[in-house]
Amino acid sequence: MLTKPSERANAISQLEQCICSVKAWMSANRLKLNEGKTEILHIRSKFARSSSPIDSLHIGSERVESVSSARNLGVAFDNNFTMATHVNNICRAAHLALRKIGQIRKYLDSSSTERLVHAFISSRLDCCNGLLFGLPEREINKLQQVQNTAARMVACVKKHQHITPVLEQLHWLPVRKRIVFKILLLTYKSLHGLAPEYISELLTEYKPSRALRSGAKHLLKQVRTRSSFGDRAFAASAPRLWNQLPETIKCAGSVHSFKSQLKTYLFKL
């Protein structure tokens, strides 16, 4: 629910009424809204000092406190939308898995080690990573250090050895490029009817008002934003990244062909 600071009181009242209506509907359908597990997350800019955060909401006779972070579909969102909590959770779980794999590494060959790394490390780095687009370098570097450690473990190289040739040998894209890869793959699927409709609706094909050469370049209409948060949104980032792709990649005949050409293109950047 989006609201302006001046409309805060009215927004809180509407939100409480909405939750009470949901609770009544659930009761009518023999379901129960568990107030003890209900969380409120007020996302606001860390630079917004003029408005105070929402401390709590009243749901019936219960008072639900606001939290600093909440999990949704496996992703931890914090109240400033910095994704720092989510990144730290990934790093904590990945380092634990790396430690356990390292304990049995001497009994494994490179192929088996790589399978374990993909199962317990790469899967965490790639899960919902499109949400990490546009994050500061300090957050991306945390994830990159995890990938670097995993690559050294698979390739059996020393800590001081340069990691870029190792990643190229394993054919692993760095973390930031993996994020771009995920966004562009979702864009391709959206344009070809292979993605959910609510995602496809965020993209609009660019159609110039008069005959121009750009009209045949399979471009998307770019969305103007007013903040760095807006630039991170899929509706803004996807068209910008898509329009930078070579025409041959945009016109790939299948998802497999697109993924192969895109990965080669990103490696050359």
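Is Cys-156 buried or exposed? At 57% relative accessibility, Cys-156 counts as exposed (over 50% relative accessible area, against under 20% for buried and partly exposed in between, with a 1.4 Å probe and protein chains only). The structure is a predicted model, in which local features need pLDDT of at least 70 and side-chain atom pairs count only at pLDDT 80 or more, while totals for chains, interfaces and linings use all residues. Residues are numbered from 1 along each chain as its sequence is written, and side-chain values use heavy atoms, with hydrogens and water left out.

**Overall architecture**

- The chain contains 11 helices and 5 strands, taken as DSSP runs numbered from the N terminus (H or I of at least four residues for helices, E of at least two for strands).
- The C-alpha trace spans about 65 × 60 × 40 Å along its principal axes.
- Of the 269 residues in the chain, 34% are buried.
- About 17,000 Å² of the chain is exposed, and carbon and sulfur atoms supply 54% of that area (Shrake-Rupley method, 1.4 Å probe).
- Among contacts (heavy atoms within 4.5 Å) between residues at least 6 apart in sequence, 60% join residues at least 24 apart.

**Helix α9 and its surroundings**

- In α9, 8 of the 10 residues are buried, so this helix is largely enclosed by the rest of the structure.
- The buried residues of α9 are Phe-234, Ala-236, Ser-237, Ala-238, Pro-239, Leu-241, Trp-242 and Asn-243.
- Their cover includes α6, α7 (197-200), α8 (228-232), α10 (247-250) and α11 (255-268).
- The axes of α6 (residues 175-191) and α9 (residues 234-243) come within 10 Å and cross at roughly 90 degrees; axes are lines fitted to C-alpha atoms, for helices over the stretch in contact, and angles run from 0 to 180 degrees between N-to-C directions.
- That crossing makes α6 roughly perpendicular to α9 (65 to 115 degrees; under 35 is roughly parallel, over 145 roughly antiparallel and the rest oblique).
- Val-180, Ile-183, Leu-184, Leu-186, Thr-187, Tyr-188 and Leu-191 of α6 meet Phe-234, Ser-237, Ala-238, Leu-241 and Trp-242 of α9.
- The residues of this contact comprise 10 nonpolar, 2 polar and no charged; Ala, Val, Leu, Ile, Met, Phe, Trp, Tyr, Cys and Pro count as nonpolar, Asp, Glu, Lys and Arg as charged, and the others, Gly among them, as polar.

**The α2–α3 pair**

- The axes of α2 (residues 84-103) and α3 come within 9 Å and cross at roughly 170 degrees.
- The two helices are therefore roughly antiparallel to each other.
- From α2, Ile-90, Ala-93, Ala-94, Ala-97, Leu-98 and Ile-101 meet Thr-113, Leu-116, Val-117, Phe-120, Ile-121, Arg-124 and Leu-125 of α3.
- The contact residues of α2 and α3 divide into 11 nonpolar, 1 polar and 1 charged.

**Cysteines and backbone exceptions**

- The structure holds 0 disulfides (pairs of cysteine sulfur atoms within 2.5 Å).
- The sulfur of Cys-128 lies 3.9 Å from the closest cysteine sulfur, that of Cys-127, which is too far for a bond.
- Cys-128 is found in the loop between α3 (110-126) and α4 (137-155) and, at 32% relative accessibility, counts as partly exposed.
- Most residues other than glycine have a negative phi.
- Phi of Cys-128 is positive, near 55 degrees.
- Arg-30, also not a glycine, has a positive phi of about 60 degrees.
- Arg-30 is found in the loop between α1 (8-28) and β1 (40-41) and is exposed, with a relative accessible area of 82%.
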